[in-house]
Amino acid sequence: MKYKGKAHRFGDNINTDDIIPARYLDSKDPLELAEHCMEYLDKNFVKKVKKGDIVVAGRNFGCGSSREHAPIAIKACGVSCVIAESFARIFYRNAINVGLPIVVLPEAAKYINNGNIVEVDTKKGIIRNVSKKKEYKSEIYPAFIESIVKKGGLMNYVRR
Amino acid sequence: MGYTITEKILRDHAVKKSFKPGDFIDAKIDFCLGNDITAPISIEEFRNAGAKKVFDKTRIALIPDHFIPAKDMRSANNSKILRDFAGEHDIKNFYEVGRMGVEHALLPELGLALPGNLIIGADSHTCTYGALGAFACGVGSTDLAAAFITGKVWLKVPETIKFIYYGKLKKWVSGKDIILHTIGDIGVDGAHYMAMEFSGETIKSLSMDDRFSICNMAIEAGAKNGIIEPDQTTISYVKNAIRKNKPKRKSFKLYKSDSNARYKEMREYDASKIEPQVSLPHLPSNTRPVNVLKGVSIDQVVIGSCTNGRIGDLETAAKILKGNKVRQGVRLIVIPATQSVYLEAVKRGFARVFVEAGGIFSTPSCGPCLGGHLGILAEGERCLATTNRNFMGRMGHPKSEVYLSSPAVAAASAIRGRIAHPKEVM
């Protein structure tokens, strides 16, 4: 799959309380969760983000709780994919399971600045920073994960 | 070539028996759980998939513990979703107010998490059960939904870091200090995707309550699981739990790592040098010895949670608070993790100590740990808590602060009104 959008840069160790504070977890409605995405870090994030935009972060993105509400909120506010130097493991699973594309790019923070236009080809593992006219090789999903993604998520995969 | 305890448990549960670290496996689960935040999504996914029957009703627990006793109508509704599903599928391991506890304290106590088990839970602190010599890890709601149907989970086999602790702990130093010190050493992604195996003579000398605190926070170092080889302490704890609560599954298996097992890394610690630790906002890895933080004033102290709400934790806190008063201007909130911890604390006079000191003694709940209820912080307030996360806004206002510590440091600090070493008040 290919995605193109404006980069919204975040730092290292963005945790699930940053992505969606626990006090909103009494809801599982994606649009309601999306309203509060990243609000502690950037009050205007949800207003700024346009459909198709890309979140770019440093190490250990999504650390903390197991709440699936986190990738659900990111996806529902219009973000097309997340690029990070590494992902916390439960967030990684959850993103795959809810269909939020995630891409591991070591040194992502160095290569992509806030506001850069970025193109991602998850299948080929290529990330193009259109603004900087540079191209980077990202990791691609391991074959096993790819097979879950291809089936359209875990629930379809287990119904095989 | 030998195997680690984590690899052995995974091997005995894997559908395909031959694998190495980094491989993906399908594994059979012994037990799974969800709570009032995560399970409503699992139940919806289960229904959307058209599933009619759970794989085994005796191997599922549903525990509303985060926003309960229901803090509002929506929370009440989420608990109701669990109650209805449990009723529909005749799931007996459904624990309501009056029978409940914080999930990771409750399941071991009931003998539902056993040595050698493979357990997944839609809650990141599921790794707590590793203290029993089980493989336990947190997953998401959809993973749990899939497990409800298949009784299986996909896992990537982790590499293991072995942590070896030797030496006798100083007075007032606990399992919590060991894990905070370790996370401070390796960082919040220091064990990213790996198993943390805690070993050595210091670990062997610890109570189960201390061991649970250690494994509970493995996730705070990014680990997949934390694990401790079972020994006599484990066996007595488990036998006692089985005798008292008569769970359906009574047999368990004791695994140990081979002496020639492969480790990604070995790290040794002289535990006799570890001081009581405090983690500063906003990462659990921001640890300092308590003595360098003595000037830091606090507005609230919380003693409880799946990390430190067990009877040993309350006993330590009560020992320090007995005959003392919580400083004017500080709110002390003590939350036993389960009903039986609550009862025991009443019987042994700890509840009285907390109330006479000027604190409150609450019904079990995750409560303020995740900023749910029962002690939310206002802008600019600071709390010292025995919980597990000090992320921005974790306990309330984004401009409030959470510091993490052991129950001993928390109790002493409640008396002083600032961060204090227990020996200052004892």
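The lining of the largest cavity in this predicted model is made up of seven nonpolar, ten polar and five charged residues. This cavity encloses about 220 Å³ of space. Of its 22 lining residues, H66(B), D123(B), H125(B), L370(B) and R394(B) are the closest to the centre. Two helices of chain B, α4 (103-109) and α10 (305-308), are the elements that each contribute two or more residues to this lining. Because domain 1 (5-268) and domain 2 (278-424) of chain B both supply lining residues, the largest cavity is placed between the two domains.

In total, the structure contains seven cavities of 30 Å³ or more. The second largest has a volume of about 70 Å³. Its lining draws on both chains: chain A provides N60(A), G62(A), C63(A), G64(A), S65(A), A88(A), R89(A), I90(A) and F91(A), while chain B provides I219(B) and G222(B). By residue class, the lining of the second largest cavity comprises five nonpolar residues, five polar residues and one charged residue.

The division of chain B into domain 1 (5-268) and domain 2 (278-424) gives rise to an interface within the chain. The centres of the two domains, taken over C-alpha atoms, are separated by 24 Å. Contacts across this boundary involve 35 residues of domain 1 of chain B and 40 residues of domain 2 of chain B. The size of an interface is often expressed as the accessible area that is lost when the parts come together. For domain 1 and domain 2 of chain B, the buried area amounts to about 2,900 Å², with 63% of it on carbon and sulfur atoms. On the domain 1 side, V102(B), W172(B) and K176(B) account for 24% of the area buried against domain 2, more than any other three residues. One salt bridge is found across the interface between these domains.

The interface between the chains was described in the same terms. Here, 40 residues of chain A make contact with 52 residues of chain B. Chain A and chain B together bury about 3,800 Å², of which 59% is on carbon and sulfur atoms. Six salt bridges cross the interface of chain A and chain B, whereas the search of the whole structure returns 39 salt bridges over all chains.

Individual ion pairs can be placed within this picture. D17(A) and R394(B) form a salt bridge through their side chains, with an N to O distance of 2.8 Å. This pair crosses between chains: D17(A) belongs to helix α1 (residues 16-19) of chain A, and R394(B) is located in the loop between β16 (382-385) and β17 (401-404) of chain B. R394(B) is also one of the residues closest to the centre of the largest cavity. A further salt bridge links R74(B) to D26(A), the closest N and O atoms being 3.3 Å apart. Within chain B, the side chains of R389(B) and E220(B) are paired in a salt bridge at 2.9 Å, N to O.

Several features of the backbone of chain B were also identified. I68(B) and P69(B) are joined by a cis peptide bond with omega of about -10°. P69(B) is situated in the loop between β3 (60-63) and α3 (73-88) of chain B. A cis peptide bond is likewise present between P281(B) and H282(B), where omega is about -5°. The loop that holds H282(B) runs between β11 (277-279) and β12 (287-289) of chain B. Finally, D90(B) adopts a positive phi near 55° although the residue is not glycine; D90(B) is positioned in the loop between α3 and α4 of chain B.

Notes. Residues numbered from 1 in each chain as written. Chains lettered and ligands numbered in written order. Predicted model: local features only at pLDDT ≥ 70, side-chain atom pairs only at ≥ 80, totals over all residues. Heavy atoms only, no water. 1 Å grid on protein atoms, 1.4 Å probe; cavity = no way out; pocket = protein on both sides within 12 Å on 5 of 7 lines; lining within 4 Å. Points joined across faces, edges and corners; volume = space filled by probe spheres on them. Helix = DSSP H or I, 4+ residues; strand = E, 2+ residues; numbered from the N terminus. Nonpolar A, V, L, I, M, F, W, Y, C, P; charged D, E, K, R; others polar. Domains from an automatic or database assignment. Contact = heavy atoms within 4.5 Å. Buried area = accessible area lost by both parts, 1.4 Å probe. Salt bridge = Lys/Arg side-chain N within 4 Å of Asp/Glu carboxyl O.
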